[in-house]
Amino acid sequence: MSQSNYKRGKCSQKNVSPQRENNLKITETNFTIMTQFFLLGFSDIPTFHWFLFGIFLVIYIIILLGNGIIILITRIDSSLQTPRYFSLSNFSFLEIYYVSIALPRMLMDLWTQEGAISFSACATQMCFFLMLGATECFLLALMAYDHYVAICNPLHYPLVMNHKVCVQLVGASWISGLPVEIGQTCQIFSLPFCGSSQINHFFCDIPPLLKLACGDIFVNEIVVYIFAVLFVTVPFMLILRSYSRITFTILKLPSNTGWTTAFSTCSSHLMVVVLFYGSATIAYLKPKFSQYEGMDKLLSLFYAILTPMFNPMIYSLQNKDVREALRKLKTMLHIYGNSPQ
């Protein structure tokens, strides 16, 4: 009896074993341990690769030079060594750092036409991109608060926005998003990825990566929305509150001169806010059913590349103090160039 059962058990093992083997193969196929991804970037328009490479290289140079000049003049011009321009110089440094996470990689992929990126490099790129994006949101809110104090409480401005407070607020803007965004990155990259390893984007970002994840990602999407509200919507609401107070104060001013001064103070910052928040909000808070192929890449171009390029132009054209400092720098360079060696 026991020998018969043993034989029957042996037969059943032979029958079940191929099925288990197939199930294991299916599991291995569906839940792949990714070692690398492939950034598709602009591979859908291969004939324009060299044209795009040239365009983005010029944009990167403009970003480095424009923001670098703003950092330089806020350091050497004594009239710009104020809390407002301390925040602006930090913002310009952030823009150089922010764009350098994605753009050099994109230029390399356009040059080599490969797009392969390791799992760890993709996670690192996304983590830094999210952290600096959160920092940008907080710095824009801080700059709006600075304008609010300067216009609505000018007598208290030296006390409220002294150097120590400004350094603390800027420091808080840099570090506030670090633990949350590191945790969010770990959460995204702990998901199982199935099938394709092709990311339809020019850098590792949350929306295209979630499209590659297996199973139910509803909780992950909710977490992304919560963090987007925390780091995008809340600072934006603080900016709106600051500017609503500024608007009421401006309307009470007796002369048009006061209106013009207040508007020139705020207009450059408002333009940057509209460019950055408009594209970033649509990219991260739009409903899933409204996503179109290529829309994420287009929106990312605005808040990740075009906004850092326009920032120095906006601040230099709209800001009288910055224009004057640039004029001094040009004169200084001219004198130095003409001086005998």
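Me: In which helix is Ile 55 found?
Reply: The model is a predicted one. Helix H2 covers residues 49-76. Ile 55 is therefore found in helix H2.

Me: Does Ile 55 count as buried, exposed or partly exposed, and why?
Reply: The relative accessibility of Ile 55 is 37%. Buried would require under 20% and exposed over 50%. Because 37% lies in between, Ile 55 counts as partly exposed.

Me: What is the area of the nonpolar surface patch that includes Ile 55?
Reply: Ile 55 makes this patch together with Ile 45, Phe 48 and Phe 51. The patch area is about 370 Å².

Me: Which strands are the edge strands of the open sheet?
Reply: Three strands form the sheet, with mixed pairing, in the order S2-S1-S3. Strand S2 (116-118) and strand S3 (198-199) each pair on one side only. The edge strands are S2 and S3.

Me: Which residue is the bridge partner of Phe 38 in S2?
Reply: Strand S1 spans residues 36-39 and is joined to S2 by three bridges, the two running antiparallel. The partner of Phe 38 in S2 is Ala 116.

Me: Which helix gives the largest share of the largest nonpolar core?
Reply: This core has 66 residues, of which Phe 56, Tyr 303 and Ile 305 touch the most other members. Several helices supply at least two residues each, including H2, H4 and helix H11 (295-318). The largest share, 13 residues, comes from H4.

Me: How many residues are in the second, separate core?
Reply: Among its members are Phe 37, Leu 39, Leu 210 and Val 224. The second core has 21 residues.

How values were computed:
Residues are numbered from 1 along each chain as its sequence is written. This is a predicted model: local features need pLDDT of at least 70, side-chain atom pairs count only at pLDDT 80 or more; totals for chains, interfaces and linings use all residues. Side-chain values use heavy atoms; hydrogens and water are left out. Patches are made of residues with over 30% relative accessible area and no salt bridge: like charges are joined within 9 Å, nonpolar side chains (Val, Leu, Ile, Met, Phe, Trp, Tyr) within 5 Å. Accessible areas come from the Shrake-Rupley method with a 1.4 Å probe; for residues, only the protein chains shown count as cover. A salt bridge is a side-chain nitrogen of Lys or Arg within 4 Å of a carboxyl oxygen of Asp or Glu. Helices (H or I, at least four residues) and strands (E, at least two) are DSSP runs, numbered from the N terminus. Buried means under 20% relative accessible area, exposed over 50%, partly exposed in between (1.4 Å probe, protein chains only). Two strands pair if DSSP finds at least two bridges between them. A nonpolar core is a set of buried Ala, Val, Leu, Ile, Met, Phe, Trp, Tyr and Cys residues joined through side-chain atoms within 4.5 Å.
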